[in-house]
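Got the viewer open? Load the model shown here, keep the selection box handy, and we'll walk through it stop by stop.

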Amino acid sequence: MTTVVSLHNIDVSKFLAVLDTCKGNVYLVTREGDHLNLKSKLCQLIGLTQLIEGGRIAEAYILCDNPEDESKLFRFGLFGESGTKTA
């Protein structure tokens, strides 16, 4: 696994759309140390429902197997970019 990507106050629906474009495994790590593979829709449901406060993720961080996914999620967290290009 590579570098940690922190998440704070992100739009959950946009975040899930970006996850769908990731090539490798992406893990949500909770404060308790649980690692949930967000490529699994079941883990998305379980993990995100525990962390949602007012429609946004309260506190967690991300670990990525693929460096490209890490860059994509970092840009999303920093700038809110989806990582996909629109014409």
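Start by selecting Leu42, Leu45 and Ile46: together these three make a nonpolar patch on the surface, with about 290 Å² of accessible area. A patch takes residues with over 30% relative accessible area and no salt bridge; nonpolar side chains (Val, Leu, Ile, Met, Phe, Trp, Tyr) are joined within 5 Å, like charges within 9 Å. The areas come from the Shrake-Rupley method with a 1.4 Å probe, and for residues only the protein chains shown count as cover. Zoom in on Leu45, which sits in helix α2. Leu45 counts as exposed because its relative accessibility is 54%; the cut-offs are over 50% for exposed, under 20% for buried and partly exposed in between, with a 1.4 Å probe and protein chains only.

A word on the ground rules before moving on. This is a predicted model, where local features need pLDDT of at least 70 and side-chain atom pairs count only at pLDDT 80 or more, while totals for chains, interfaces and linings use all residues. Residues are numbered from 1 along each chain as its sequence is written, and side-chain values use heavy atoms, leaving out hydrogens and water.

**Zoom out: the whole chain**

Switch to cartoon view. You should find three helices and six strands, in the order β-α-β-β-α-β-β-β-α from the N terminus on. Helices (H or I, at least four residues) and strands (E, at least two) are DSSP runs, numbered from the N terminus. Now show the surface: the chain has about 5,200 Å² accessible, and 52% of that belongs to carbon and sulfur atoms. Of its 87 residues, 37% count as buried. Among contacts (heavy atoms within 4.5 Å) with a separation of 6 or more, 66% are between residues 24 or more positions apart.

**Into the core**

Next, select Phe15, Val26, Leu28, Leu38, Ile62 and Leu73. In the largest nonpolar core, which has 16 residues, these touch the most other members. Such a core is a set of buried Ala, Val, Leu, Ile, Met, Phe, Trp, Tyr and Cys residues joined through side-chain atoms within 4.5 Å. Colour α1 (12-20), β2 (26-29), α2 (41-51), β6 (60-64) and α3 (67-79), since each supplies at least two residues of this core. Which element gives the most? That's α1, with four residues.

Stay on α1 and pick Val12, which has its place in that helix. Val12 counts as buried because its relative accessibility is 12%. Draw a distance from its C-alpha to that of Leu48: you'll get 8.4 Å, though the two are 36 residues apart along the chain.

**The ring pair**

Show the aromatic side chains. There is one aromatic pair, and the partners are Phe15 and Phe76: the centres are 6.1 Å apart, the planes 35 degrees, and the pair is tilted. Rings of Phe, Tyr and Trp (its six-membered ring) pair if their centres lie within 6.5 Å; planes under 30 degrees apart are stacked, over 60 edge-to-face, and the rest tilted. Phe15 is in helix α1 and Phe76 in helix α3, 61 residues apart, so to speak two distant parts of the chain linked. Are these rings buried or exposed? Phe15 counts as buried because its relative accessibility is 0%, and Phe76 is buried too, with a relative accessible area of 4%.

**Salt bridges**

Two salt bridges await; the rule is a side-chain nitrogen of Lys or Arg within 4 Å of a carboxyl oxygen of Asp or Glu. Select Asp20 and Lys41, whose closest N and O atoms are 2.8 Å apart. This bridge links helix α1, home of Asp20, to helix α2, home of Lys41, across 21 residues. Then go to Glu68 and Lys23, at 3.0 Å from N to O. Here Glu68 belongs to helix α3 and Lys23 to the loop between α1 and β2, 45 residues apart. Both Glu68 and Lys23 are exposed.

**Last stop: two loops**

From Lys23, step over to Asn66, in the loop between β6 and α3. Leaving aside residues up to four places away in sequence, Asn66 touches Lys23 and Gly24. Asn66 is buried, with a relative accessible area of 17%.

Finish at Lys39, in the loop between β3 (35-37) and α2. With the same neighbours up to four places away in sequence not counted, Lys39 touches Leu19, Asp20, Cys22, Gly24, Asn25 and Val26. Lys39 is partly exposed, with a relative accessible area of 32%.
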